[in-house]
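Good morning, colleagues. Please keep the structure open in your viewer while I speak.

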Amino acid sequence: MAMRQTLGRQATKAIRAQPAVPGTRRGLAAPASGSFAYEQGTASGVKFASRDMAGPTTTLAVVSRAGTRYQPLPGLAEGLEKFAFKNTARRSGLRLQREAELMGATYFSSHTRESVVVGAKFFRDDLPYFVESLAEVAGQTKYLDYEYRERVIDEIHDAQKKVLGSTTQLAINSAHGIAFHRGLGEPLHPTSSTPLNKYLSHDAIGAYSTLAYRKSNFAVVANGAEHSELSKWVNAYFGSIRTEAASGIPPLANEQTKYFGGEERIAHGNGNTMVLAFPGSSSLTGSYYKAEIAVLAALLGGKSTIKWSPGFSILGQVAGNNPSVDITTTSAIYSDAGLLYVTLEGSATSVKDAAFTTVKAIKDLANGKIDQEQFTKARAAAKFKELEYGQNTMSALELTGAGLVSDGKPYQLDDSAQKIGEVTAEQVQEAAKTLLEFKATVSSVGDLWQLPYAGDLGLQV
């Protein structure tokens, strides 16, 4: 013990004795240098964007405007994602995987309400190979019947089972359906009662791919690649991609999203979840962007960012006093709309109490009861979260690609963070007031005997 104390004192003295190096010290509030801006361009009719991050690795993705919002039949977006990296006209799925493994790389694919994303992570010197392989996936994938029957449809059924067992996923999908009906209201995965045999097949997915992977309908985005290099290889390998969908395929549905609101209640024996939702903000590249919504979401909050503390947020205090309920506030942004929603999960009694508290909190904010210190912390948290997307490679790729395809410009995180930093308390109050002027969206999944109705909460639906 004595030796440990001696070492501690010596270390403290050594730290104090170190001279300050001019130009290396930075105040706690001083911003760090660096930018998350993307360079954009067009090669062979294909939009692309890149950000040359320091480091030996690259992440590359093709972001297609083909998510569940745009699918003409249920399951097509997910089927398109599941067929990625199976077989192409030039390479078998086995060869694609073996060659990637030999180079230490990995492939990935996912889908959201607006996008289907296929991509790869690899050493930056291998950029030419992976631009070529993604061009093959987009333009030359073979949509074979046996692969659909033996693998793809089983993977879709597995995803359906996971959603069916999760009250939270059911409630979030339900809330989107209530809020937007068609388009953004389509669930991320087909519901378990959807007659997939009636709508889905390998031919249907193949036909949808010709619509999804037209040159005007996707963008190539890279983190960790030189702009000139990416331009060269996109021009070399994406030139043969089709410019029109196959004959007889209807165009993508792209109507302006409309918000409806309402209520849905679903009995479930595996937990309790309520989602209270309101119209939110579009993406920065869209026409309905509202920076104050991000600050409002942080101010309502729920989950603490500080360990062993309930945090500063209004609903974080509620969750801290009631450990049997989990609360999160999310601002879901899309190209032309958004959904601000609070998710309450836990025992039926706790969820019920938290729902009343949530509505009261929003009404208090609308009436101007905003603590200045809480607001300052919320604005800082919202700005940090926005900039953190720049370090979260997958989020940055998807946001940038979706912005390029939908609005012709990448999602610039520096710009959105700056706008968030300029939000005032008055703007947040006005945003909260506006929420209550619309019909609310309320989805309840679980013990419906105890979970309250929207009318009980004082919300209009």
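In this predicted model, Thr-57 stands opposite Phe-123 in strand 5. That pair belongs to strand 3 (residues 57-64) and strand 5 (residues 116-123), which are joined in the antiparallel sense over 8 bridges. Helices (H or I, at least four residues) and strands (E, at least two) are DSSP runs, numbered from the N terminus, and two strands count as paired if DSSP finds at least two bridges between them.

A word on conventions. Residues are numbered from 1 along each chain as its sequence is written. Because the model is predicted, local features need pLDDT of at least 70 and side-chain atom pairs count only at pLDDT 80 or more, while totals for chains, interfaces and linings use all residues; side-chain values use heavy atoms, with hydrogens and water left out.

Strands 3 and 5 sit in an open sheet of 6 strands, with mixed pairing and the order 1-2-6-3-5-4. Strand 1 (39-43) and strand 4 (106-111) are at the edges; each has a single partner strand, so one side of each is left without a neighbour in the sheet. From one strand to the next, the twist averages 20 degrees. Angles run from 0 to 180 degrees between N-to-C directions, and axes are lines fitted to C-alpha atoms, for helices over the stretch in contact.

At one edge, strand 1 and strand 2 pair in the antiparallel sense over 5 bridges, and Glu-39 stands opposite Ser-50 in strand 2. The two strands form a hairpin with 2 residues between them, and Ser-44 in the turn has a positive phi of about 55 degrees.

Which helices go with this sheet? Helix 2 (residues 76-83) lies across strand 4 and strand 5, and runs at about 175 degrees to strand 4. Helix 14 (residues 393-407) packs on the sheet too, touching strand 1, strand 2 (46-51), strand 3, strand 4, strand 5 and strand 6 (218-223). The direction of helix 14 makes about 145 degrees with that of strand 6. Contact here means heavy atoms within 4.5 Å.

Helix 14 also leads us to the enclosed space. On a 1 Å grid over the protein atoms alone, a cavity is a set of points where a 1.4 Å probe fits but cannot get out; a pocket is an open set with protein on both sides within 12 Å along at least five of seven lines; and lining residues have an atom within 4 Å of a point. Grid points are joined across faces, edges and corners, and a volume is the space filled by probe spheres set on the points.

The count comes to 1 cavity of 30 Å³ or more, and the largest cavity holds about 50 Å³ of space. Helix 14 gives the most to its lining, with 4 residues. Among the lining residues are Val-63, Arg-65, Tyr-70, Glu-114 and Gly-401.

How much space lies in the largest pocket? It is about 1400 Å³. Of the 50 residues that line this pocket, the closest to its centre are Thr-330, Ser-331, Ala-332, Lys-385 and Tyr-389. Helix 6 (167-180), helix 10 (291-300), strand 9 (325-333), helix 13 (372-391) and helix 14 each supply at least two residues of this lining.

Strand 9 takes us to another open sheet, of 5 strands, with mixed pairing and the order 7-11-8-10-9. Its edge strands are strand 7 (262-267) and strand 9, each pairing on one side only. Neighbouring strands of this sheet are turned by 10 degrees against each other on average, direction ignored. Strand 7 and strand 11 (residues 441-446) run parallel and are joined by 6 bridges; there, the bridge partner of Ile-266 is Val-445.

Finally, the chain as a whole. The protein chain has 17 helices and 11 strands, and its C-alpha trace spans about 65 × 60 × 45 Å along the principal axes.
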